[in-house]
Structure formats: C-alpha cells, structure tokens
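Student: I am new to this structure and should like to be guided through it. May we look at it together?

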Amino acid sequence: MSQGPRSGLAAVSSALLAMSRHLEVRDVLKTIVASARELLAAQYAALGVPDDHGGFAQFVVDGVSEEQWKAIGPLPRQHGILAAMLQQARAERLADVRQDPRFEGWPSAHPEMSDFLGLPIRDGDEVIGALFLANKLRPVGENPCPEPQGGCGFTQEDEELLSILAQHAAIALTNARLYERSRELTIAEERSRLAHELHDAVAQKLFSLRLTAQAAAALVDRDPSRAKGELHQVATLAAEAADELRAAVVELRPAALDEDGLVATLRTQVQVLDRAHAARVTFTGHGVRALPAAQEEALLRVAQEALHNALRHSGAQHVEVTLRKRGTDTVLRVTDDGTGFDPTSVRRAGRHLGLVSMRDRASGIGGSLTVESAPGKGTTIEMEAPGG
C-alpha cells in the first residue's frame, strides 16, 4: 500500500469497523462497496447479490450518480465476467475488461471502464455476492494514468487487500441476514402471541355476548322486561370485550424498541418507507437518550400514524421526521408538504385521520399533541413527551 503500513492498516481497520456497525442488509452492502472503492482508490465499485434466476436480487454501486444509474437501466444479468466470478468462485484481475473475450458490452449510459478487479464473496462453499472495482486511480503524487488505454491497473497487492475485505464482507453480510431473519421471527412470534391473547381474553366474552343477544331477541315479544335486562348485559359484555382487546393491543410493545431503542427504530422505519413510496421520507435525531418504555412506544405509534396519513392521504413529495430535545422534554415532529386540511372541519365531519388516537397516546404519558395544517399548506404534527 503506497500510503505506508501504518496509514494502510488504519484504512483497513476503518473499513472493517464500518462494515460491522450496520445490521440492515442494504446498509451493509452500501458500506462494503464504499469501503472497497475508497480503500483501493478505484473510480467505480459495485456489489451484486445473485438470485436463483440468472439475475441479481440486490445490486449496489458507488461512484455512479443516481441520475446515471437510472439511465443505465435494469440490473445486469449474470453473464460474462460476472458469471465467471459467481460460477467459478475465483478472482478476476484484468488490464482492460473491454479486451476480454467474455466481455459482452454494456448499455450506452454505462460509464467507460478499463482495468478491472473482481472477487466473489463466499460464505463457506456458497457464493453470496460478487464485489468488483474498475478504473484504478493514480496514487497521490504520481503521474496521471493513461486513459482510456488500460488505466493504472490493479496490482497483486490490491487483489490480496480486496480478498481480506471480501472475507470480512461475507461475515458482515451473513450477520446482517441473520439479524433480519431473527427480526422476522420475532415479529411472527409477537403476532402469534397476540392472536393467542386475543383468543383467550376476548373470544369467550364475544361468545357470551352472542348467547346473551340471542336470549334477548327470544324474550322481546313474550317478556320485554327480561329482554331489557339481557340487553343491559349485552352492553356490559361488549364494554368488557373492548377493554380486553385494548389491553391486549397496548401490551404489544414493538420488539424493535426493546432491541434497538426509539431513535434506531424510527430511522429504520423511515428508511423502509422512503424506499417503498415515491415521496422522499427523511429522519433526523438530535441527542435524544433512552426513554421509559411507555414514552417510547407512544412516540413511535404517533410517528407511525402521522407517517401513514402523510403518505396515503396528503400527496406529499417530502415527509420529514425529527426527534430532538426541548429542555427536559422530547419532541417528535412529522412535517409534510402535502395538500393539508382544515383541522376544524375534519373534526366536525368525524374524519379524524387518527388524531383522536394520537392525542390519547400523548395525554396517556403526560404529553401533548398539536396539529398545524391548512389547505394547500401541508401538515405538521408535533408531540411533546416528558423526559429524554
């Protein structure tokens, strides 16, 4: 490494630490690609995770702008040199990829590439990805590389360094996959538990309610006074069933809160929504510490309801979520640039958009909720919770 052993080791250490910080698969892939490109001074880097149908389930690039990436078109297939890396599980180091007999060209918007270095990412005997770099940049202080005749060229040292990175990338990617699977299992277990709770706590009440209602119907004509008593019992059973249902739902604290805390859970959910919707969804957290469980759940539920409204009903182009300290309190703000509404007319019409539920959650922890909106002016929902 031309930077010298100490700085080189520091760069490797930084790259490996960066990969280990993330648990979401997509974040791990992005970090691997960015680390490889920076560490080996390449103009372009990419990582593909193969599917079972000759394509890639995921494909992440670094060094290509978002506009250029969109112009390139669909994800590449597993052909040519990519296929060789995946099928033969060996490194490919080429002076000019365009001169290789396996090269099959690329789309017109694809950047021009010359020197190439690629390695499979392996988990045991399974190839779980392909990591490759193109266009080695000149070392600092040296003459520019001859372009487009082959570039600087990747070295054997580069290949060995990328091999180390690929081994650690396999560990990071495998850990991230295991984490996501465990989260899925946790969610499934929570759903199963809730179903069991609902069955035990509510089903018996509903069964009694049904029998009582049938008895009341049978008594209406021949014994109205007894029928009236049965109807009172119906009302009582219905109220008890509603209380049991509410208790079961409130008890279901999101598993992610226990594992990751409020800030990380909100950030993850916002990232998922940003990928799933056309609107840009962003999150910023400012110095919020861990809160009591009730506060964290209330803030998360209000954020989810506000995000649902903004993404499904407002037509917003941008939704911004912020969580920050204000004195001794924690403040959640969800702001969108959508169509907005008149909160007064919405309340009169009975279309609450979840506002009543959000206010109940805020007041239930000693907090407050405010709604600012007007037609054509977007909406801001702010919840203030004690502590943090």
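Student: Leaving aside its neighbours within four places in sequence, with which residues is Leu 332 in contact?

Tutor: This is a predicted model, in which local features need pLDDT of at least 70, side-chain atom pairs count only at pLDDT 80 or more, and totals for chains, interfaces and linings use all residues. Residues are numbered from 1 along each chain as its sequence is written, and side-chain values use heavy atoms, without hydrogens and water. Contact means heavy atoms within 4.5 Å. With neighbours within four places in sequence left aside, the contacts of Leu 332 are Leu 266, Leu 299, Val 302, Ala 303, Val 321, Thr 322, Leu 323, Ile 381, Glu 382 and Met 383.

Student: Which element supplies the largest share of the largest nonpolar core?

Tutor: A nonpolar core is a set of buried Ala, Val, Leu, Ile, Met, Phe, Trp, Tyr and Cys residues joined through side-chain atoms within 4.5 Å; buried means under 20% relative accessible area, exposed over 50%, and partly exposed in between, with a 1.4 Å probe and protein chains only. The largest core has 34 residues, and Leu 332 is one of those that touch the most other members. Elements supplying at least two residues each include α7 (255-276), β8 (329-336) and α8 (293-313), where helices (H or I, at least four residues) and strands (E, at least two) are DSSP runs numbered from the N terminus. The largest share, 9 residues, comes from α8.

Student: How many residues does the other core hold?

Tutor: This core lies apart from the largest one, and its members include Val 28, Leu 117, Phe 154 and Ala 176. Val 28 belongs to α2, where it is buried. The number of residues in this other core is 31.

Student: Why is the pair of Phe 56 and Phe 59 edge-to-face?

Tutor: Rings of Phe, Tyr and Trp (its six-membered ring) pair if their centres lie within 6.5 Å; planes under 30 degrees apart count as stacked, over 60 as edge-to-face and the rest as tilted. The structure holds 5 such aromatic pairs. The centres of the Phe 56 and Phe 59 rings are 5.3 Å apart, and the pair is edge-to-face because the planes stand at 70°.

Student: Is Trp 69, in its pair with Phe 59, stacked or edge-to-face?

Tutor: Phe 59 lies in strand β2 (residues 56-62) and Trp 69 in helix α3 (residues 66-72), 10 residues apart. Phe 59 counts as buried at 8% relative accessibility, whereas Trp 69 is partly exposed at 24%. The ring centres are 5.9 Å apart and the planes at 5°, so the pair is stacked.
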